[in-house]
Amino acid sequence: MTTTTASAPAGQRILHALGGIAKARETGILVALVLVVIAATARNPNFLFSTDGFRDLLLTPSILLLVAVGQAIVIITRNVDLSVGSTLGLTAYLTGRLFIDVPGIPIILVFLIGLLFGGFLGLINGALIAFAKVPALVITLGTLYIYRGINVWWTGSDRINASDMPKDFLALGTKTILYIPVLTIIAVVVLIAAGWYLRNQRPGRELYAIGSDPAAANLYGLKVTQRVLVAFVVCGALAGLAGVLYSARYGTVNSQAGSGFELEAVGAAVIGGVAIFGGSGTVWGAAIGAYLLFTINRALPILGVQDFWQRAVVGVLIIGAIVLDRLLALRQTRKLTEARDNDND
Amino acid sequence: MTETTTATVKIARSYRDYSAPLWRRVLLTRESAVIAALLIVILVASVSVDHFASPITMTYLLLDITPILLIALPMTFVIITGEIDLSVASTVGLSSVVLGTLHQGGMPIELAAVAALVVGALGGALNGFLITVVGLPSLAVTIGTLALYRGLAVGLLGTTAVTDFTEFWKDLAKSKIGETGVPSVMILFLVLAVLFAILLHFTRFGRGVYAIGLSPEAALFSGVRVQRTKFILFVLTGTVSALAGIYYTLRFGSARGDNATGLELSVIAAVLLGGVSIFGGRGSLHGVIAGVLLIGTLGSALRLASVTSDVINIITGLLLVASVVSTSVLAWLRTRRARPGGKTRATPAAPQ
Amino acid sequence: MTISHHAAGHAALELRDVSKSFGAVVALSSGSLRLENNSIHALIGENGAGKSTIVKIIAGLYQRDSGEFLLDGQSTDFTSTAQSKAAGIAVIYQEPTLFPDLSVTENIFMGRQPTRSLGRIDRRLMREEAVGLFRRLGVRIDPDRPTLGLSIADQQIIEIAKAISLDARVLVMDEPTAALSGVEVERLFAVARSLRDEGRALMFISHRFDEVFDLCDTVTVMRDGEYIATSPIAETTVDELVRRMVGRDVTNLFPKEVAPLGDDVLVVTNLSQPGVFHDVDFTVRAGEIVALAGLVGAGRSEIARAIFGVDPYSTGTVSISGTRVPRRNPGASMQLGLALVPEDRRKQGLVLESSVARNTTMAIQRTLSRFGLLFSSKENEAARQWASRLEVKTSALDTEVGTLSGGNQQKVVLAKWLATKPSVLIIDEPTRGIDVGTKAEVHRLLSELAGTGLAILMISSELPEVLGMADRVLVVREGRITASLARADATAESVMLAATQSAPATKEAVR
């Protein structure tokens with residue numbers, strides 16, 4: 001039996017907590033991110049120190065951040081959502097259409113509709129998965145096709161152009177407050193909310209329990225169906241929000257918007273320490289992972305690597321992350337088992 | 001007083017081979033449903049869609065879906081064992097690039113093709129190694145190698161394409177058998193299909209594949225070499241994907257890094273549609289081939305009927321969702337029927 | 001901390017004539033039980049007696065088909081485990097179901113975490129409560145560590161902590177000591193006694209009579225899904241209980257086999273795997289039945305699996321008729337004539353969703369193949385032969401093996417391995433979960449096989465089976481062989497002594 005630290009002095013507890021933070025995966029990739037930025041800036045100071053450079057580093061990944069946070073929530077429950085890219089694209093197009101077909105529509109309403117629409121698409125996924133008990137991989141693979149197909153069909157030969165959208169909306173795409181882009185602020189606010197909820201609210205903790213051992217969760221009496229449903233709704237809603245942001249950022253939206261985002265989001269989450277089998281990891285990690293992915297891609301050309309090799313680097317990162325996780329897990333199990341055996345002797 | 005539990009006269013036991021008559025065993029299966037759907041689509045399309053019933057349509061249909069047909073063969077095995085391989089399309093792209101670059105650099109095309117196959121096999125071996133030796137989940141690994149192999153492909157060629165393939169090879173890829181309109185590459189496919197079918201249904205290896213999918217523990221305890229089998233299957237998907245890549249390149253006469261992007265989803269969708277269970281342990285090749293043909297035929301017919309490709313995608317997605325949801329619903333109905341009281345939620349097998 | 005009795009005179013929990021069936025299989029025909037407050041009530045019976053069905057009905061996993069279920073005198077019906085928990089019933093299973101990634105504290109309070117404003121979880125309070133629970137239980141467990149890697153004993157304590165924090169009035173412990181060492185059992189019993197003294201009602205299911213007599217005050221016996229009898233522990237004996245469990249005299253249950261003993265076939269030397277088993281040394285001769293006896297969790301199945309090649313071992317050798325058996329290679333072991341009928345029939349012995357024919361021929365596929373090709377006609381032929389030889393009850397060869405009864409499933413597993421014509425058969429719990437009739441068939445079969453020269457290594461936790469069948473009994477305790485007893489020297493007492501090494505004073509009740 002290992003000893004309790006019930007009455008350990010506060011100082012010791014703080015050190016213990018700090019040690020935990022230092023060893024956390026999130027810290028590791030944050031450090032990696034910082035190192036990449038430093039290395040690239042050393043080569044080309046404009047990478048970080050030009051207004052455009054700094055803004056872009058913060059701005060563009062914020063879209064992926066939202067998608068990655070939603071994906072992380074779903075992965076934590078031991079599921080996956082491959083349809084988020086299609087949801088993003090569909091919502092981005094919807095955003096443009098709203099501005100065109102409903103002149104004068106308040107921007108805040110567009111945001112709201114985008115959120116709800118994405119949530120609705122997520123609800124379809126969640127309902128099929130939670131009630132029909134079919135693996136999320138298959139269902140979201142199907143909805144990936146369906147949603148994208150609807151997107152292409154709706155778009156027709158059309159395309160939303162920047163000129164179709166109100167100036168204020170597009171300005172959001174580049175506006176900054178204290179040098180930080182508005183879109184990034186939105187994404188970070190969502191991140192903080194999600195992170196807080198997952199850590200401090202009962203339903204948030206239950207998501208981890210469901211992913212850690214679904215059978216135990218059922219036996220325990222947790223409302224598994226409900227929680228999984230909500231996880232998919234949130235994931236869809238965040239992808240929808242990302243779609244609105246996408247329109248604001250790029251102005252031009254064609255039918256292929258968001259293609260491939262789903263795998264990038266999964267990659268970001270995995271790199272950020274979210275275990276693919278659920279039960280562990282944080283949305284913070286997924287967010288940092290999203291930034292790391294993007295920043296590395298930007299930094300590669302500066303560091304002398306042709307940007308054609310970007311995807312290869314992403315692939316290596318993903319594989320490296322899961323190998324690392326596996327080795328760490330093996331080591332931890334061995335240590336915990338040894339500690340237990342030592343106590344018993 | 002000693003117990004005598006066996007009668008002094010042994011009753012000779014006789015067993016039927018099968019619990020249901022042949023027609024039930026053949027017709028009441030997922031595979032039959034898919035084949036029936038395929039026949040219905042062909043029939044309806046031949047009647048109502050102009051030009052569908054012409055040989056040219058069939059030719060282009062088959063030429064188009066050959067890569068999916070090829071890759072679906074080993075993918076069936078992989079999914080039956082309960083794993084998945086999302087990197088196949090990236091391997092197609094990578095092998096295409098290897099073929100192109102080596103050939104452009106002066107290597108005879110035959111040799112370049114062999115090199116491309118080797119690269120595919122190595123890619124599969126990496127997947128297999130990470131999954132069986134390191135013990136990583138196949139979904140995560142192949143998402144990583146999907147990015148890695150595609151990245152290598154794009155990295156090697158950049159945005160350029162290699163197009164200087166001799167007419168001979170390009171024509172061969174598109175050639176047909178005599179006057180029939182059936183592409184000659186179908187011969188290659190049929191040979192592979194027969195080999196894979198024999199492997200799956202008539203060898204120990206194939207029995208092992210099913211056992212691994214249904215109960216990896218029991219398979220291990222019966223002497224099945226679980227890790228080695230899975231490793232071999234991933235090498236197979238890699239190699240066949242490379243083969244598909246060679247065909248793809250020669251057919252279009254262009255080696256590009258982004259060839260066949262997104263193909264993996266079509267393959268997996270077709271395999272699942274063809275009756276292979278995503279949970280593993282269930283499925284067969286004839287169903288899968290019918291599944292690929294079904295999606296291809298439907299797409300072809302719709303295109304000829306001037307339905308745009310997006311609608312085709314929507315239908316593919318709906319078919320996929322419907323096929324897996326229906327399996328779930330059928331299973332649920334079966335358990336409801338077995339328990340007329342319907343109140344309990346216990347597992348069907350009696351507790352020990 | 002005494003629980004107030006809501007209605008004096010009512011039992012905390014009562015089952016009267018409860019029945020439960022699954023399709024054609026009757027798991028419980030008349031289950032009756034009366035748990036009083038301030039007591040620890042033992043429920044004993046052979047495997048298949050209906051004990052686990054009763055537990056699952058109490059837990060809310062199953063709903064009974066008929067009979068009464070009373071909680072504090074009130075008729076009750078649970079449609080979910082959540083309801084049963086809410087009613088104050090906690091079940092601690094043999095294999096605890098915790099969330100490995102989450103901390104001990106979170107596991108205890110999942111879904112019921114104490115909260116502050118805005119619904120925010122109060123972690124400090126939660127941790128304090130957890131620490132308080134552990135202090136009450138008199139155990140030391142780190143509340144912040146993930147439950148992954150904790151010993152079964154610690155996990156059970158956490159389950160108990162959960163139960164207490166839910167203020168459970170009824171605690172059911174299903175074979176809790178199966179995987180515990182002596183010290184851990186003592187700790188568990190101390191906790192159980194203190195819970196009883198607080199006024200709760202406990203139910204204790206176990207196969208170990210010494211524990212039943214040590215801990216419990218009342219005992220109920222079940223057999224073949226039926227209630228047999230209840231008596232205060234002080235007024236009964238082990239013999240009487242065994243007789244009630246089995247329904248007949250123990251001694252003549254198993255046909256003694258007489259067989260000429262041949263050469264050494266299986267030779268195991270110095271087999272060790274750190275943390276699992278150490279210095280295992282023994283031989284089995286042709287025609288001999290050697291039993292590995294001991295408590296569950298002693299390491300016997302691990303030894304068997306290591307010999308067969310499914311589990312690893314670090315040092316030592318295994319050889320069959322002089323030939324070294326390669327380590328960690330079941331295929332090679334099979335080629336050399338080794339066969340293992342595993343402990344977990346449903347997960348390790350059979351592919352449940354596969355047919356009788358496939359399962360029966362699974363180990364002989366190589367011999368059935370011609371030029372690498374395997375045809376189902378040959379499989380069916382071989383399956384028919386072996387299934388009829390063992391009298392497997394099934395209508396067709398393509399029936400899913402998961403639908404057969406336990407006894408017939410075991411016959412399929414046996415058929416599968418006998419078809420390989422082994423020279424050594426290792427059989428782990430040959431008659432667990434099997435009806436009485438098939439049990440005897442299996443024993444007769446093993447006897448016959450020994451008579452034809454097969455060397456048999458039998459692992460069993462059922463003492464009567466061990467004593468009746470074995471020529472020699474090797475007793476395993478915590479991974480080591482502590483005794484080797486010839487048939488004449490093997491008695492229930494000598495075996496249990498070697499298995500538990502407890503002081504004789506507390507063993508008065510075991511005769």
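**Reading burial, helix packing and a chain contact**

Me: In this predicted model, L266(C) is buried, with 26 other C-beta atoms within 10 Å. How does that count lead to the label?

Reply: The cut-off for a buried residue is 20 or more other C-beta atoms within 10 Å. L266(C) has 26 such neighbours and is therefore classed as buried.

Me: Where does L266(C) lie, and which residues does it touch beyond four places in sequence?

Reply: L266(C) belongs to strand β11 (residues 264-273) of chain C. Setting aside residues up to four places away in sequence, L266(C) contacts T283(C), V284(C), I320(C), V424(C), A455(C) and L457(C). The partner V424(C) is 158 residues away along the chain, yet 6.8 Å separates the two C-alpha atoms.

Me: How should I describe a pair of packed helices, such as α12(B) and α13(B)?

Reply: Two packed helices are described by the angle between their axes and the distance between the axes. For helix α12 (residues 263-273) and helix α13 (residues 285-304) of chain B, the axes come within 7 Å and cross at roughly 120°. The pair is therefore oblique, and the crossing is right-handed. From α12(B), the residues A269(B), A270(B), V271(B) and L273(B) meet V288(B), G291(B), V292(B), L294(B) and I295(B) of α13(B). Eight residues of this contact are nonpolar, one is polar and none is charged.

Me: What are the corresponding values for α7(A) and α13(A)?

Reply: Helix α7 (residues 107-132) and helix α13 (residues 224-250) of chain A have axes that come within 6 Å and cross at roughly 145°. This crossing is also right-handed. Its contact comprises 21 nonpolar and 10 polar residues, with no charged ones.

Me: How can the length of a helix such as α15(A) be checked?

Reply: The span follows from a rise of 1.5 Å a residue, so the 20 residues of helix α15 (residues 283-302) of chain A should cover 28 Å; the end C-alpha atoms are 29 Å apart, which agrees. Of these 20 residues, 16 are buried, so that α15(A) is mostly covered. Just after α15(A), G304(A) adopts a positive phi of about 95°.

Me: How many residues take part where chain A meets chain C, and which elements of chain A contribute two or more?

Reply: The contact joins 29 residues of chain A to 32 residues of chain C. On the side of chain A, the elements giving two or more residues are α11 (202-212), α12 (214-220) and α16 (310-344). That side has 10 nonpolar, 13 polar and six charged residues.

Notes: Residues numbered from 1 in each chain as written. Chains lettered and ligands numbered in written order. Predicted model: local features only at pLDDT ≥ 70, side-chain atom pairs only at ≥ 80, totals over all residues. Axes fitted to C-alpha atoms, helices over the stretch in contact; angles between N-to-C directions. Parallel < 35°, antiparallel > 145°, perpendicular 65-115°, else oblique. Left-handed = near helix turned anticlockwise from the far one by under 90°. Contact = placed C-beta atoms within 7 Å. Nonpolar A, V, L, I, M, F, W, Y, C, P; charged D, E, K, R; others polar. Expected span 1.5 Å × (residues − 1). Buried ≥ 20, exposed ≤ 12 C-beta atoms within 10 Å, placed from the backbone.
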